[in-house]
Structure formats: structure tokens, C-alpha cells
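Here are some notes to read with the structure open beside you. I have grouped them by topic, so feel free to jump around.

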Amino acid sequence: ISGMYSGAKKNAEVREFIMKNVDHKENRVREECLRLMGEPETAKSMPGVFDKILEKTNSDPDDHVRSVACSALSATEDPKAIPVFQKIIEDSSTKDELRQGCFEGLVETWTGYPYPKSPNKDGYELTMKVLEGKTRSKEMPPWRGLSKLGYAKTEYKDYDKSGKDWYNTAKAFYDKARLVKAVQAVAADDKAAYMARSESLYILKRLGEQKMLGELAATIKKQSGYDAKGLSESAEKYSKEKPE
């Protein structure tokens, strides 16, 4: 099943096979089916795909499979996914792995690569709400999917038509300065998880905030956490590198 990416995009029989086996007794089979269903080109050609992925998100017996399912919801480009993401991410009783998968899916509703054809404003606003939350912890904000925020640029190379097309649509709601400010706050907060902070530094590099990274390196170096040294060194290193 993991080798059926091309076939699933092109062939209805393959898609029917995947839809049938997403209820397989083996966790790994269900997981691989959901990964294929999480491909936008496949999802848009599968009748009932949103409801089936939602079913797996809510009730699959395996937590890892539920996480993969929640991430896959974004591929459907169904706006009903946004309240699902919000409920799971904000629920304090949600297990971390499921929250991580849902946050990755949330980010992919409006940015990431491949760029979504119809970036979702509500997905952007919920992402910002999570990032701007003042009560950070080892669970919030989640780190999975954070790196994809580095694709939310405002300037693209001449050859990057998909990036330009994305921005032409997203610029109606996307505020890069707001994103940079929120990501900077996560990177500087020693209450946030190491991975969330590390990914935030990488995002700032990709978005061309090298001067800010130099300032963050000095700020983080003064912190006492066990991971402060490594994060400070990463910030310093990124501050001297060109944006990707």
C-alpha cells in the first residue's frame, strides 16, 4: 500500500482498495491507507473521504493511527476540519501524539509544501491562536508541522510558480509580520518544548529574519535550561546563513 501513491492518484480501483483497507485489522495497514488518503490529489477523488478520515481520527483503536488520520484531514480541504482540529488541540485531555498530528494537519490547511490550492483563512487564524497562546508548555504549541510555516513567504523566485500562486491567494488574510512575532515568542520561551523552539528558529531563518536570530541567540544564551546552549548555538548559526 505504501507504494501506491501514484496509482491512488490515477486509478479509481486503487482508491477503492485503499478505502476498504483503512478498516484493516492491522494498525500499519490502516496507517498507510490514511497516509495515501492524506495526499490532496488522492483525497479529492475519493467519495466519502472526509467522513472516513474523521471516523478514524475519532475512534481508531490505535493512538498513532488516530494521529496520522487527523493530519490527513487537511488534504480533503473541507472547512469542517477546522473545528475538529480546534477541539482536539485545545482539549487538555488530548494525548500529545494526537495533538501533534492535528496541529500538523491544521498548518497544512493554509500553507506548507505542496502549497494548498485553497489556503484556509480559518486554519491560519487557529494556527496563530495556538502560537500566540501565552501559556506555553512541553505540549503547547505542538512542534509537528511547525517547520512548514517556513513556506509562508511573501517573495518567491521567478521559477516558483506554485509559491507565487499560493501567496496571491493567501495574502488576503496572511500577515507575515504577525507570524514572525509569534514564532519569535515561541523560540524565546523557555517553557516551550525544545523541538517547538528549535523548529521556530529554523522558520525564522527560512523567512529571512537573520538579524532577529542574532538577537535571539544572545537572549537564549542567558537562560538556564539544559537546552539553552544548543538553541543559542542554532540561532547564532542560522543568523549567518542565507534564507532558503
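The points below go through cysteines, the core, salt bridges, backbone details and the surface.

1. **Where this comes from.** Please keep in mind that this is a predicted model. Every value in this note is computed from that predicted model.

2. **The disulfide.** You will find one disulfide in the structure. Its partners are Cys70 and Cys102, with an S to S distance of 1.9 Å. The torsion about the S-S bond of Cys70 and Cys102 is about 105°, so this disulfide is right-handed. Cys70 belongs to helix α6 (residues 63–72) and Cys102 to helix α8 (residues 96–108), so the bond ties together parts that are 32 residues apart in sequence. Should you look for these two on the surface, note that Cys70 is buried, at a relative accessible area of 0%, and that Cys102 is also buried, at 0%.

3. **The cysteine without a partner.** What about Cys33? Cys33 takes part in no disulfide, and the nearest cysteine sulfur, which belongs to Cys70, is 18 Å away. With a relative accessibility of 0%, Cys33 counts as buried. If you are thinking about thiols, then, Cys33 is outside any disulfide and buried in this model.

4. **The nonpolar core.** Which residues touch the most other members of the largest nonpolar core? They are Phe85, Leu131 and Leu179, in a core of 71 residues. Leu179 is a good one to click on: leaving aside residues up to four places away in sequence, Leu179 touches Trp110, Met128, Leu131, Leu149, Ala152, Tyr174 and Leu207. Leu131 thus appears twice here, once among the residues that touch the most other core members and once among the contacts of Leu179.

5. **Salt bridges within a short stretch.** Side chains of opposite charge can pair when their charged atoms come close. There are 24 salt bridges in the structure. One of them joins Arg35 and Glu31 at 2.8 Å, N to O. These two residues sit four residues apart in helix α3 (residues 27–37), so about one helical turn separates Arg35 from Glu31. Arg35 is partly exposed, with a relative accessible area of 32%, whereas Glu31 is buried at 8%. Another salt bridge pairs the side chains of Asp78 and Lys80 at 2.9 Å, N to O. Lys80 is partly exposed, with a relative accessibility of 47%.

6. **A salt bridge between distant parts.** Lys129 and Glu90 also form a salt bridge, their closest N and O atoms being 3.0 Å apart. This pair links distant parts of the chain: Lys129 is in helix α9 (residues 121–131) and Glu90 is in helix α7 (residues 81–90), 39 residues apart. Both ends are partly exposed, Lys129 having a relative accessible area of 45% and Glu90 a relative accessibility of 40%.

7. **A charged network.** Some salt bridges are best viewed as a group. Asp23, Arg30, Lys52, Glu55, Lys56 and Asp60 are linked in a salt-bridge network.

8. **Cis peptide bonds.** Two places in the backbone deserve a look. The bond from Tyr113 to Pro114 is cis, with omega near 0°, and Pro114 is in the loop between α8 and α9. The bond from Met140 to Pro141 is cis too, with omega near -5°. Pro141 lies in the loop between α9 and α10 (161–170).

9. **A positive phi.** Glu77 is not a glycine, yet its phi is positive, at about 55°. You will find Glu77 in the loop between α6 and α7, where Glu77 is partly exposed, with a relative accessible area of 41%.

10. **The surface, and a glycine.** Trp143, Tyr194, Met195 and Tyr226 make a nonpolar surface patch of about 450 Å². Of these, Tyr194 is in helix α12 (residues 194–206) and is partly exposed, at a relative accessible area of 34%. Elsewhere, Gly230 is in helix α14 (residues 228–239) and counts as partly exposed, at 29% relative accessibility. Gly230 is 10 residues from Ile220 in sequence, and their C-alpha atoms are 9.4 Å apart in space.

Definitions and conventions:
Residues numbered from 1 in each chain as written. Predicted model: local features only at pLDDT ≥ 70, side-chain atom pairs only at ≥ 80, totals over all residues. Heavy atoms only, no water. Disulfide = S-S within 2.5 Å. Buried < 20%, exposed > 50% of the residue type's maximum accessible area, 1.4 Å probe, protein only. Patch = residues over 30% accessible without salt bridge, like charges linked within 9 Å, V, L, I, M, F, W, Y side chains within 5 Å. Areas by Shrake-Rupley, 256 points an atom, 1.4 Å probe, with all protein chains shown as cover. Salt bridge = Lys/Arg side-chain N within 4 Å of Asp/Glu carboxyl O. Core = buried A, V, L, I, M, F, W, Y, C linked by side-chain atoms within 4.5 Å. Contact = heavy atoms within 4.5 Å.
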